[in-house]
Amino acid sequence: MEEIFSVITKNEEETMLVAEKLAKTVGKGVVFTLVGDLGAGKTHFVKGFVKGMGSNALVTSPTFTIMNVYEGGKVPIYHFDMYRLSSKEEAEELGFNEYFDLKHLDGVVLVEWPENVSGLITCPHIEIIIEKLDGDSRKIIVGNEV
Ligand SMILES: Nc1ncnc2c1ncn2[C@@H]1O[C@H](COP(=O)(O)OP(=O)(O)O)[C@@H](O)[C@H]1O
Ligand SMILES: [Mg+2]
């Protein structure tokens, strides 16, 4: 990964604000991976991102559905949580490879737990790493994966 920028947030509101601002610069055909421990703030990042895309859809963790779609913004937002999957083959059986074909992607994709489906996301994408620091502080690192 090649770092583009990093920022430290002090609470969940700040994390959501970073994501909201980033989303304002994004259009269709962009894939983001979100890397970080349980409770790091990946889903809160998506909440802010969805708001920044102009959607007021309710963001929930798609742990059991694997994917949620949020409409009402600039473009559809596909929110994946690969937590329950354990290989790229499992994701492919569910038909998810089509979301990682940038030429045909009509929206934006955000993927929690991409490491569980290693090898699935071969298209260029932006990686967001969220590291837990002391208390409610988090380091958010944004980089290129090409
Ligand atoms: N700086 C911060 N950024 C994001 N979440 C934070 C922060 N500080 C505390 N939190 C808390 O951490 C938890 C993050 O949960 P969630 O977004 O579901 O994490 P993940 O999806 O990475 O498992 C929430 O309870 C949130 O309130
Ligand atoms: Mg989550």
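## Strands, a covered helix and a ligand shell

Let's start with one pair of residues: Leu34 stands opposite Glu112 in strand 5. This is a predicted model, and in it the secondary structure of the chain comes to 3 helices and 7 strands. The radius of gyration is 14 Å, close to the 15 Å that the globule rule gives for 146 residues, so the chain is as compact as a globular protein of that length.

**The chain as a whole**

- If you walk along the sequence, you meet the elements in the pattern β-α-β-α-β-β-α-β-β-β.
- A box of roughly 40 × 30 × 30 Å, taken along the principal axes, is filled by the C-alpha atoms of the chain.
- Of the chain's 146 residues, 35% count as buried.
- Take the contacts between residues at least 6 apart in sequence: 66% of them join residues at least 24 apart.

**Strand 5 and its partners**

- Strand 5 covers residues 108–112, and 5 of its 5 residues are buried, so the strand is largely enclosed by the rest of the structure.
- Both of its faces are covered, with Val108, Leu110 and Glu112 buried on one side and Val109 and Val111 buried on the other.
- Strand 2 runs parallel to strand 5, and 5 bridges join the two.
- Strand 4 also runs parallel to strand 5, again joined to it by 5 bridges.
- Within the pairing of strands 4 and 5, His79 has Leu110 as its bridge partner in strand 5.
- Leu110 is also in contact with Phe32, Leu34, Val46, Phe49, Ile77 and His79, leaving aside its neighbours within four places in sequence.

**The largest nonpolar core**

- This core has 32 residues, and Phe49, Val109, Leu110 and Val111 touch the most other members.
- Helix 1, strand 2, helix 2, strand 4, strand 5 and strand 6 each supply at least two residues of the core.

**Helix 2**

- Helix 2 spans residues 42–52 and is mostly covered, as 10 of its 11 residues are buried.
- Among those buried residues are Lys42, His44, Phe45, Val46 and Phe49.
- The buried residues of helix 2 pack against helix 1, strand 2, strand 3, strand 4, strand 5 and strand 6.
- After helix 2 comes Gly54, whose phi is positive, near 90 degrees.

**Around ligand 1**

- Of the 17 residues around ligand 1, the ones that come nearest are Thr15, Gly41, Lys42, Thr43 and Asp136.
- By class, this shell has 2 nonpolar, 9 polar and 6 charged residues.
- Helix 1 (12–23) and helix 2 each supply at least two residues of the shell.
- Lys42 therefore appears twice in this briefing, as it is buried in helix 2 by the cut-off of 20 or more other C-beta atoms within 10 Å and is one of the residues that come nearest to ligand 1.

**A closer look at Glu131**

- You will find Glu131 in strand 6, which covers residues 125–132.
- Is Glu131 buried or partly exposed? With 16 other C-beta atoms within 10 Å, Glu131 is partly exposed, because a residue needs 20 or more to be buried and 12 or fewer to be exposed.
- Leaving aside its neighbours within four places in sequence, Glu131 is in contact with Gly36, Arg138 and Lys139.
- Glu131 and Ile8 are 123 residues apart in sequence, yet their C-alpha atoms are 9.3 Å apart in space.

How values were computed
Residues are numbered from 1 along each chain as its sequence is written. Chains are lettered from A and ligands numbered from 1 in the order in which they are written. This is a predicted model: local features need pLDDT of at least 70, side-chain atom pairs count only at pLDDT 80 or more; totals for chains, interfaces and linings use all residues. A residue is near a molecule or strand if its C-beta atom, placed from the backbone, lies within 6 Å of it. Helices (H or I, at least four residues) and strands (E, at least two) are DSSP runs, numbered from the N terminus. Ala, Val, Leu, Ile, Met, Phe, Trp, Tyr, Cys and Pro count as nonpolar, Asp, Glu, Lys and Arg as charged, and the others, Gly among them, as polar. A nonpolar core is a set of buried Ala, Val, Leu, Ile, Met, Phe, Trp, Tyr and Cys residues joined through C-beta atoms within 7 Å. Two residues are in contact if their C-beta atoms, placed from the backbone, lie within 7 Å. The radius of gyration is taken over C-alpha atoms; the globule rule is 2.2 Å times the number of residues to the power 0.38. Two strands pair if DSSP finds at least two bridges between them.
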